[in-house]
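User: I am new to this structure and would be grateful for a close look at a single strand and the sheet around it. Please set out the surroundings of that strand in one connected account.

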Protein chains: 2
Amino acid sequence: MTEILNTSSRHFDAKFRETLRDLVLWRRDVRRFRRDPVEPCLIHSLIELASHAPSVGHCQPWRFVLVESAARRAAVRESFGRANAKAAESYGDQERERYIKLKLEGLEDAPVHLAVFADETTQAGNGLGRQTMPETLRYSVVAAVQTFWLAARAEGLGVGWISILEPKIVRQMLDVSEAWTLVAYLCVGRPAEEHLDPELERYGWQQRLDVERTIFKR
Amino acid sequence: MTEILNTSSRHFDAKFRETLRDLVLWRRDVRRFRRDPVEPCLIHSLIELASHAPSVGHCQPWRFVLVESAARRAAVRESFGRANAKAAESYGDQERERYIKLKLEGLEDAPVHLAVFADETTQAGNGLGRQTMPETLRYSVVAAVQTFWLAARAEGLGVGWISILEPKIVRQMLDVSEAWTLVAYLCVGRPAEEHLDPELERYGWQQRLDVERTIFKR
């Protein structure tokens with residue numbers, strides 16, 4: 001088996017690489033969704049693909065929770081409301097005025113809510129690779145989220161990642177193990193608009209940095 | 001500008017989606033590299049693309065450090081040696097024997113060493129989105145790493161993520177700001193072998209989990 005795999009390979013051509021670049025550039029954090037449902041088998045296939053993300057020690061710590069209950073979704077929206085009001089208070093008058101005008105989530109309209117957790121107590125991987133950097137367990141889950149995001153965009157779906165939430169309260173509301181850490185709460189659905197530029201650039205909150213200023217040599 | 005972008009879009013076809021799936025499946029954590037150099041402009045273009053990953057509040061906290069100094073590379077290998085010896089000690093006899101046979105890094109041969117940090121004190125994004133979940137700053141850097149990894153694989157390059165390191169010591173050895181957190185230390189180069197299955201599966205350390213057991217409904 002190993003021999004066969006050693007001699008096989010997979011080449012990706014220039015056209016694919018160019019389209020992959022477009023995919024990365026056209027991925028957006030979406031906050032405006034159409035309400036039409038998304039086929040469950042499509043979400044399932046995206047989760048299956050995301051499960052091929054790298055994970056420390058191959059521990060595959062991602063746990064995907066499809067939030068379908070209207071009551072639980074309402075509780076998540078309430079958590080956002082509290083966290084967002086508190087965040088708004090933290091800004092000075094001028095900034096607060098700009099902050100509250102931003103649309104930061106699409107929890108009301110998104111047909112799919114997907115909470116993604118890290119199972120901190122998984123035995124898979126037998127601890128390999130995470131003795132000095134245990135945070136790589138949660139980082140593995142982020143790699144799965146970004147893989148899901150890109151693959152979803154290729155299917156014409158938009159994804160929005162809501163971090164303005166109370167993570168422990170959301171975990172309790174979703175009735176999952178205390179050993180699970182909320183990594184990402186995702187809204188998924190067909191976007192109402194498509195943009196090449198991030199919303200926070202379009203509304204003047206934060207511009208793109210010059211990449212040269214983020215590269216260093218040692 | 002906004003109007004033009006609102007009406008434009010980007011469609012990805014079935015052939016691209018199929019090849020994207022292959023890309024995700026053929027991405028590997030590579031520990032066996034050929035020593036031929038990689039064109040610096042290729043690495044630069046991959047970093048530029050990775051900078052289009054999502055980031056909380058569009059804060060773009062990633063800082064990429066190309067480690068070129070032989071002395072610094074040697075110091076990183078020494079850090080791996082210490083962390084790996086300590087990790088090996090933590091296992092019982094049988095497991096330790098299996099652990100020490102695994103090849104967990106390609107620090108010696110990889111032509112490119114790329115340390116990726118999160119700038120914890122960046123003013124970009126003005127704190128948006130990270131008051132209740134400040135860890136999303138580091139998560140943004142992971143999204144950039146996974147984007148880099150997939151794009152690198154499409155170029156025929158292999159990437160290996162080393163987490164068996166002493167993160168604070170590596171940060172000091174690379175002489176970067178104390179406000180930067182080491183998120184990932186990457187080896188990059190042309191792989192000596194290509195595989196569809198992860199090394200830790202091939203050597204019997206950890207098998208792939210049944211994805212159905214990672215999906216829940218609430």
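Analyst: Chain A contains 8 helices and 5 strands, where helices (H or I, at least four residues) and strands (E, at least two) are DSSP runs numbered from the N terminus. The model is a predicted one, in which local features need pLDDT of at least 70 and side-chain atom pairs count only at pLDDT 80 or more, while totals for chains, interfaces and linings use all residues. Residues are numbered from 1 along each chain as its sequence is written, chains are lettered from A and ligands numbered from 1 in the order in which they are written, and side-chain values use heavy atoms, with hydrogens and water left out.

Along the sequence, the elements of chain A follow the pattern α-α-α-β-α-α-β-α-β-α-β-α-β. Of the 218 residues in chain A, 59% are buried, that is, under 20% relative accessible area, against over 50% for exposed and in between for partly exposed (1.4 Å probe, protein chains only).

The strand chosen here is β1 of chain A, residues 62-66. It belongs to an open sheet of 5 strands with mixed pairing, ordered β3(A)-β4(A)-β2(A)-β1(A)-β5(B); two strands pair if DSSP finds at least two bridges between them. The edges are held by β3 (158-162) of chain A and β5 (215-217) of chain B, each with a single partner strand, so one side of each has no neighbour in the sheet. On average, neighbouring strands are turned by 30° against each other, direction ignored; axes are lines fitted to C-alpha atoms, for helices over the stretch in contact, and angles run from 0 to 180 degrees between N-to-C directions.

On one side, β1(A) pairs with β2(A), residues 112-119, in the antiparallel sense over 5 bridges. Within this pairing, A:Trp62 has A:Ala118 as its bridge partner, and A:Leu66 has A:Leu114. Helix α3 (residues 40-50) of chain A packs on the sheet, touching β1, β2 and β4 (180-189) of chain A as well as β5 of chain B; contact means heavy atoms within 4.5 Å. The direction of this helix makes about 170° with that of β1(A).

With β5(B), β1(A) pairs in the parallel sense over 3 bridges, and there B:Phe216 is the bridge partner of A:Val65.

Finally, the side chains: A:Trp62, A:Phe64 and A:Leu66 point one way from β1(A), whereas A:Arg63 and A:Val65 point the other way. Because 5 of the 5 residues of β1(A) are buried, the strand is largely enclosed by the rest of the structure.
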